[in-house]
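Opening the notebook on a new model today. The plan is to go through cysteines, charged pairs, core and pockets, and to jot down what turns up.

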Amino acid sequence: MTVSLTTAELAKYIDATALKADTSEADVRRLVAESREAGVKSVCINPVWVPLVAAELAGSDVLTCTVIGFPLGANASEVKAFEARQAIDAGADEVDMVLDIAAARAGDRARLVADVRAVAEAAHAGGPAGEGGALLKVIVETALLDDDAIVLACEATVEAGADFVKTSTGFSTAGATVEHVALMRRTVGEDIGVKASGGVRTRADALAMIEAGATRIGASSALAILGSD
């Protein structure tokens, strides 16, 4: 069955992103203004912009999202946890961490669980999202993993207490695919969110990901998605 959503409904699936290294304050302010107008779910920016974005979004329904251990996932888990807590204290409602990709490729479940759990504990320490804590999404970077490693990463993420699994950073060799989203949904079940991110540029792309099981879409082309057929 093909998913059919109004533009307003689709907007609530979208995290509008600006994560490039050369993103300017003007870029961020423009994204925030456009995102408030469009009514997207969140604005996702690098941690340095969290205080500005949180202040600009105050009083709106749009959340502030940031990235942790981005884009390589190769930081020490303690550093990721510190970065998450600092971002939450600065106003982040959601944090998207990159897990230990090398551990996923090596099949090291214990290392994966420990990595994600450190950040989950930091994210949830203040309580539920919106009440002092933050929602945690875990980026598994599907382009760098085979199906077995994707399943392992998703299982470890659930075991560690995260709220979402997410396909991609958008900075690796490829982004989200329908097949990977469907695999992730089958693995985590219905109680964990699945975010498709990287290469989602049109309404048709977004709807295909949602039909496959995505409950959130990360996109640097949010307005184009909402304005396209």
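**Cysteines.** I started with the rule: I call two cysteines a disulfide when their sulfur atoms lie within 2.5 Å. This is a predicted model, so I kept in mind that local features need pLDDT of at least 70. By the 2.5 Å rule, my count of disulfides came to zero. I then looked at C44, which is in no disulfide; its nearest cysteine sulfur belongs to C65, 3.4 Å away. Why no bond for C65? Its sulfur sits 3.4 Å from the one in C44, the closest cysteine sulfur, and that is too far for a bond. I checked burial for both: C44 is buried at 0% relative accessibility, and C65 is buried at 0% as well. A disulfide would be a covalent bond between two cysteine sulfurs.

**Salt bridges, R29.** I counted next, and the structure holds 16 salt bridges. I picked R29 to follow up. Which residues does R29 pair with? One partner is E25, with the closest N and O atoms 2.9 Å apart. Both R29 and E25 belong to helix α2 (residues 25-38), and they are four residues apart, about one turn of the helix. The other partner I noted is E56, where the closest N and O atoms are 3.3 Å apart. That pair links distant parts of the chain, since R29 is in helix α2 and E56 in helix α3 (residues 50-57), 27 residues apart. On accessibility, R29 is partly exposed at 38%, E25 is partly exposed at 38%, and E56 is partly exposed at 34%.

**Salt bridges, D96.** Next I looked up D96, which forms a salt bridge with K195; their closest N and O atoms are 2.7 Å apart. D96 lies in strand β4 (residues 94-98) and K195 in strand β7 (residues 193-197), so this pair ties together parts that are 99 residues apart in sequence. Buried or exposed, I wondered about D96? D96 is buried, with a relative accessible area of 0%, and K195 is buried too, also with 0%. I followed the shared partners outward and got one network that joins D15, E94, D96, K137, K166, K195 and R216 through salt bridges.

**Core.** I moved on to the nonpolar side chains. In soluble globular proteins, nonpolar side chains tend to be buried together. Here the largest nonpolar core has 72 residues, and the members that touch the most other members are L10, L99, L136 and I217. Helix α7 (residues 147-160) gives this core its largest share, seven residues. I listed contacts for L136, leaving out residues up to four places away in sequence: among them are V95, M97, V116, V119, A120 and A123. H124, A162, D163 and F164 are also touched by L136.

**Pocket.** Last lookup of the day. The largest pocket has a volume of about 680 Å³. Which residues are closest to its centre? Of the 31 that line it, they are T17, K20, A219, S220 and S221. I sorted the lining by element: β1 (14-18), α2, β8 (216-219) and α10 (222-227) give two or more residues. Helix α2 gives the most to this lining, with five residues. I had already met α2 above, as the helix that holds R29 and E25.

Technical notes: Residues are numbered from 1 along each chain as its sequence is written. This is a predicted model: local features need pLDDT of at least 70, side-chain atom pairs count only at pLDDT 80 or more; totals for chains, interfaces and linings use all residues. Side-chain values use heavy atoms; hydrogens and water are left out. A salt bridge is a side-chain nitrogen of Lys or Arg within 4 Å of a carboxyl oxygen of Asp or Glu. Buried means under 20% relative accessible area, exposed over 50%, partly exposed in between (1.4 Å probe, protein chains only). A nonpolar core is a set of buried Ala, Val, Leu, Ile, Met, Phe, Trp, Tyr and Cys residues joined through side-chain atoms within 4.5 Å. Contact means heavy atoms within 4.5 Å. On a 1 Å grid over the protein atoms alone, a cavity is a set of points where a 1.4 Å probe fits but cannot get out, and a pocket is an open set with protein on both sides within 12 Å along at least five of seven lines; lining residues have an atom within 4 Å of a point. Grid points are joined across faces, edges and corners, and a volume is the space filled by probe spheres set on the points.
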